[in-house]
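This briefing addresses the overall build of a protein and the packing of one of its helices. Please consult the sequence and the structure shown here.

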Amino acid sequence: MSKLRLAIVGAGPAGIYAADIILKAEKQFDVSIDLFDHLPAPYGLVRYGVAPDHPRIKGIINALRDVLDRGDIRLFGNVRYGVDLTLDDLKQHYNAVIFSTGAVQDAPLDIPGIDLPRSYGAAEFVNWYDGHPDFPREWPLETESVAVIGNGNVALDVARMLAKHADDLLVTEIPDNVYQGLKASKVTDVHVFGRRGPAQVKFTPLELRELGELRDVDIIVYDEDFIDDEASKMAIETNKQIMVLNRVLNSWRERPVGEASRRLHLHFWAKPLEVLGDEQSGVQGLRYERTEPDGQGGVRGTGEIRELPIQGLYRAVGYFGSPLDGIPFDERRGVIPNREGQVIDDNDEPVRGVFATGWIKRGPVGLIGHTKSDAMETVSHVINSQSDWWTPEHPDPRAIVELLISRGVEFTDLTGWHNLDGAEKQLGEEQGRERIKLVDRDDMLKAARGE
């Protein structure tokens, strides 16, 4: 009986699901899995990409924790692929590798002025409020009126976090520096812009309903945006989710406004054209064109140009993957080119021993739960490509540990993660909260060591 020594680079849901699936799959060989991540803590997008006021993520984290805590997967945190560990190293120690590194950069928005001061990518803001150790500890929130471009869940998360009162986040695991930053925020008006109409939004009903529950925040929609075109009517009648979204949005048209200290405006049929301002003053406004249904499910410009004074802008138009040393990369789509998870080269030929799963495989689409079926597809190719596995010179599990130690890599293992997890819970307990995230990488490593 042969044995598969498998490396998985990326310890978020995609990587953990892939490890769990291959361990449980029917196969003619044993499997030994090492899971690597560049951060000291696992869980990836669930820990650093989801707003802290989403309690449902706890269920996902509990499921991921159960997989890791079984003890049949080794965890190596704080290990940077391409720096601490190379593709050649992986070939020396494993039969194959699955990359599940996700997509953490902001997709570009090609309009004039998008790079002005106080114009940000949503991913930057998300990583700040989620306490990512590689992002600044402070965030500028000194302006009163800001815009968010996008009509997906990330746009809603960003808008909600900008509009929500900081004290209402104390029930979450929000880091102290983030709480203090939001507490000092001067933001009073958040404007969310979508190019299409209310019946074409990409929100989930739960995300949208949460907006309506914000304390001391008026949700403002505009009657002119509720265009009764045939495509919208058909979408509402045939899609239950769109029907619910439409019902929620229309209910807000009847709500009284004017009493709250903050306002969250939803603008539809609005195509951004230009961010106004200059390098000295930064963002000063947004110029956009009113759009309308084109009769075929899309939109077209009306020629009506409007401007809204704002002093800050966040683009939430999608995430984008990052290239990995020695691995083919599609610069246009921001993914590793692959065929059902089997990585392919520039000649459309399979790359021996190299696979991908999650957002780095398919792009940043779908919810976290979609990564399970995605991982199953990839794992099936790993299992069925035994003849193309690498033949490592140092397959002994102790060899990779010795290599990392010899390079001075301070990696965190499962015990270290448990120590870090416990330290964050202790911090929370001291302030009557469930958890407070540690943000600084050195502090995380100290906690992992039990110090």
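What percentage of the 451 residues of the protein count as buried? In this predicted model, the buried share is 56% of the 451 residues.

**Overall dimensions**
- The radius of gyration of the protein is 23 Å, which agrees with the value near 22 Å that a compact globule of 451 residues would have.
- Along the principal axes, the C-alpha atoms occupy a box of roughly 70 × 55 × 45 Å.

**Secondary structure and contacts**
- The protein contains 15 helices and 18 strands.
- Among contacts with a separation of 6 or more, 76% join residues that lie 24 or more positions apart.

**Surface and charge**
- The protein has an accessible surface of about 20000 Å², and carbon and sulfur atoms contribute 48% of this area.
- There are 52 positive and 74 negative charges, and the mean positions of these two sets are 3 Å apart.

**Helix α7**
- Helix α7 spans residues 176–183, and its residues Val178, Tyr179, Gly181 and Leu182 are buried.
- These buried residues lie on the same side of α7, because they cover an arc of only 165 degrees around the axis.
- In general, an α-helix has 3.6 residues a turn, so residues three or four places apart point the same way.
- The packing partners of the buried residues of α7 are α5 (122–129) and α6 (153–163).

Key
Residues numbered from 1 in each chain as written. Predicted model: local features only at pLDDT ≥ 70, side-chain atom pairs only at ≥ 80, totals over all residues. Heavy atoms only, no water. Helix = DSSP H or I, 4+ residues; strand = E, 2+ residues; numbered from the N terminus. Rg over C-alpha atoms; globule rule 2.2 N^0.38 Å. Buried < 20%, exposed > 50% of the residue type's maximum accessible area, 1.4 Å probe, protein only. Contact = heavy atoms within 4.5 Å. Areas by Shrake-Rupley, 256 points an atom, 1.4 Å probe, with all protein chains shown as cover. Lys, Arg positive; Asp, Glu negative; His and termini not counted. Charge placed at Lys NZ, Arg CZ, Asp CG, Glu CD. Arc of directions from axis to C-beta.
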